[in-house]
Amino acid sequence: MVRKIYRHREMVALTGGKWWLVCCMALCTVVVTGEEIFLEWHVKINNAIKPVSENQPVITINDLFPGPLINATTNDNLHINVYNEMDEPLLMTWNGIQQRLNSWQDGVSGTNCPIQPGSNWTYVFQMKDQIGSFFYFPSINFQRGGGGFGPIRINNRVVINVPFPKPEQEFDLLIGDWYQQSFKDVRVNGGYGYLTDWILMNGKGPFIDPLTGAYESFNVSQGKSYRFRISNVGNMWSFNFRIQNHTMLLVETEGSYTNQITLNSLDVHVGQSYSVLVTANQIPGDYYVVATPKWVNLTNPNTTAAVGLLNYDSSNTTVNGLLPNGPDPFDIGFSLDQARSITWNLTAGAARPNPQGTFNVSNVTLSQTFVLRQSFALINGTPRYTVNNVTYLTRHTPLKLADYYLNGSGIYDLDAFPVHSSLPGPVEAPFVVSGTHKGWLEIVFNNDLDTIDSWHLDGYGFFVVGFGVGDWTPEVRVTTYNFVDPVVRSTVQVYPKGWTAVYVYLDNPGMWNLRSQNLIHWYLGQELYIRVFDPDLNPAKEKPPPNNLLFCGVFEPPTPTPATPTPNPVPNSAPPPPPSSAAVKISNIGWLYIVISCIIFL
C-alpha cells in the first residue's frame, strides 16, 4: 500500500496579501479531500487454507482470508487496483460506503461490468462524509460464499470529538456462516436446498472443535477498554454475539453513533456491522467469545457456533466449562425489543462537526412510499425469491451503462412493476423503479418468509423508524414509528412474518441496488434498483463515467487510442501496518503548521 499525502506546498515565493488566501485554500483542501490511499489487490482462489478441514476453494486477497483491512479517514480518496487472478469474472462492492454522486464505483451487476479473469481494474472513490464500521465483499457469482470479504474502518477526522474515550486497541471481527462444500457447487442451484454447516470467526473455526486447525483470540490487559467492530459477513444466518462474563457498551452501527446502552449479548443480522466497547474487568483468565445462530436449531453446538477466546495477558488459567448462554434463538420478542432500543445519538458529531442529529425525520413530508413483499416462488419449476412477485433478471449489460448511453432502451423498462402491491403471479425481469430526487421515500419491507431477512440499499442510510409482526398498515405510523431518534444504518433486519419500515432521503443521484443480504435470496432474485435521476448534468451533481470505464453486454469495448500511460504508484515490497498514532501526530503537526502560519501572516 502506498499512501500519498498532499500536505506541503511551495510557499517560499508567497508574500503579502496572497499568503492568507493560499493558506486558507490549502486548509480547505485538506479538510475536504482527505488523503490519497493507493491499494493493490490480487484476488485468487486458494485450495490449501481449509478453514473447516475440507478441501474447498477459498477466495483470498493478497493471500489473506479474510482480506486486508481498509483503514481510512473521513473524506479520504481510495484507489484500489483489483487484479482478478481467479478463473471467473469478479466485482467487489463496499457494503455501506455511500459512493456519493458516484454509483459508477458501486461494484454490483447493475452498475459495473465485471473484471475478467487475468485483467485488473481500479476503483476510485471517496469516503465522503462518513465514519464507522463496514466491510467489502465480491458481489457476483455467489462468490461471497467462498470468502473475499474484509473489514473497512472509517476513522473520525482529528477535529471531530468521538463520544467515548479512546480504547486501548481495536479488533475487527468478521463472523459468518460457512458452507462445508465449494461455493461453486452450492451455486449450481443458487444455494437452494443447501444449509451452511459452520460459523467462522475471522476465517477460523471454533475453539471447541477438535477439527479446528486455528481459532481466533484477542489479547487484553486488565482494566483496559477495547473496541470490537463486529460484522456479519455470512450467507444466511443472523447470530447472537456475547463474551463470557463481560458486558458490552454499544456505541456505533454502520456509521452512526448510537445512544450508548449496556448489553449482555447482541443480535447481528446478515450484512450488519456494530461497534461495542468491552472493558477487561474480570479476574485474569481466558473467556469464551461466542456467536450462535438465530432461528436455527443447534443440532451440533461444536460447529454451529463461532468460538474464540478473550485472553488476559496476565492469565495463568485456561478456559473451561460450557459456552455462555444466550437468548432463545427463536425468541423474536427479545430481538424486537433490542432492535427498538438501538437509537441514534442526536448530539454526537460524526463525519462533520455539527451534531449528526441535525438532519432528522421529526418533521418530513413523504414523496413516495414503497411497500415491498418478500416471498418464494417457482418459475418454470425453478426456485426463486421475489419482491412483489418479481424475481430479478440480471442483464449482461449493467443498468447504469444502459441508462447513461441508451436511456435504458432495450435493457430495462422503468417503473414497469408495482411498488405498492404484488403481481398476481411471479415474473422474471429487471426490476427498476424511479426515486424522486431530493424527496423522502418510505420503504416498508413485508416478510412472508419463515426466516429472518435483512435488506440493504447502496448509496444511502436508512432511518429505521419501525418494526412489527404481521402485516404493515398505515396506522402504525402513528402508533409504532419512532420519529425522535431512529438509528441510521445501511442494513436493516426484517423478522419472519413481520415488517420493517425505513425512511430514506434521496439526495444521491445514481442507479442504486436495493437487495436482500441473504446470499441465497439475493442470488435467486430478491433485489431491485432505484434510479434517482437529477436532470442537471453538472458533474458536481453526479459524476460522469470514469476514464477507465469497462464495457460489456451490448457495448463493445472502445478501441484504445495511443497515449502516454500515467505511471501507477509502486507498492512496497511488504504491506505497511495500519496508520499508527505516530501518523496521526504527523498529520496534527501539518495542521498546526498551516494554522500557525495563517495566524502569523494574517
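In this predicted model, a cluster of aromatic residues is a good place to begin, for ring pairs join Trp41, Trp94, Trp121, Tyr123, Phe125 and Tyr136 into one group.

Looking at the structure as a whole, the count of aromatic pairs comes to 44. One of them is formed by Phe218 and Phe228, whose ring centres lie 5.5 Å apart and whose planes meet at 70 degrees, so this pair is edge-to-face, given that an angle over 60 degrees places a pair in that class. Phe218 belongs to strand E12 (residues 217-220) and Phe228 to strand E13 (residues 225-232), so the contact between their rings ties together parts that are 10 residues apart in sequence. Both partners are buried: Phe218 has a relative accessible area of 3%, while the value for Phe228 is 0%.

Another aromatic pair, that of Phe467 and Tyr495, is tilted, with 6.2 Å from centre to centre and 55 degrees between the planes. This pair links distant parts of the chain, since Phe467 sits in strand E28 (residues 462-469), whereas Tyr495 is found in the loop between strand E30 (491-494) and strand E31 (498-505), and the two residues are 28 residues apart. Phe467 and Tyr495 are both buried.

Aromatic rings also take part in contacts with charged side chains. Arg144 lies over the face of Phe137, at 5.0 Å from the ring centre, and the charged end of Lys400 is placed over the ring of Trp104, at 5.1 Å from the centre of that ring.

Note on methods. Residues numbered from 1 in each chain as written. Predicted model: local features only at pLDDT ≥ 70, side-chain atom pairs only at ≥ 80, totals over all residues. Heavy atoms only, no water. Phe/Tyr/Trp six-rings, centres within 6.5 Å; stacked < 30°, edge-to-face > 60°. Helix = DSSP H or I, 4+ residues; strand = E, 2+ residues; numbered from the N terminus. Buried < 20%, exposed > 50% of the residue type's maximum accessible area, 1.4 Å probe, protein only. Lys NZ or Arg CZ within 6 Å of the ring centre and 35° of its normal.
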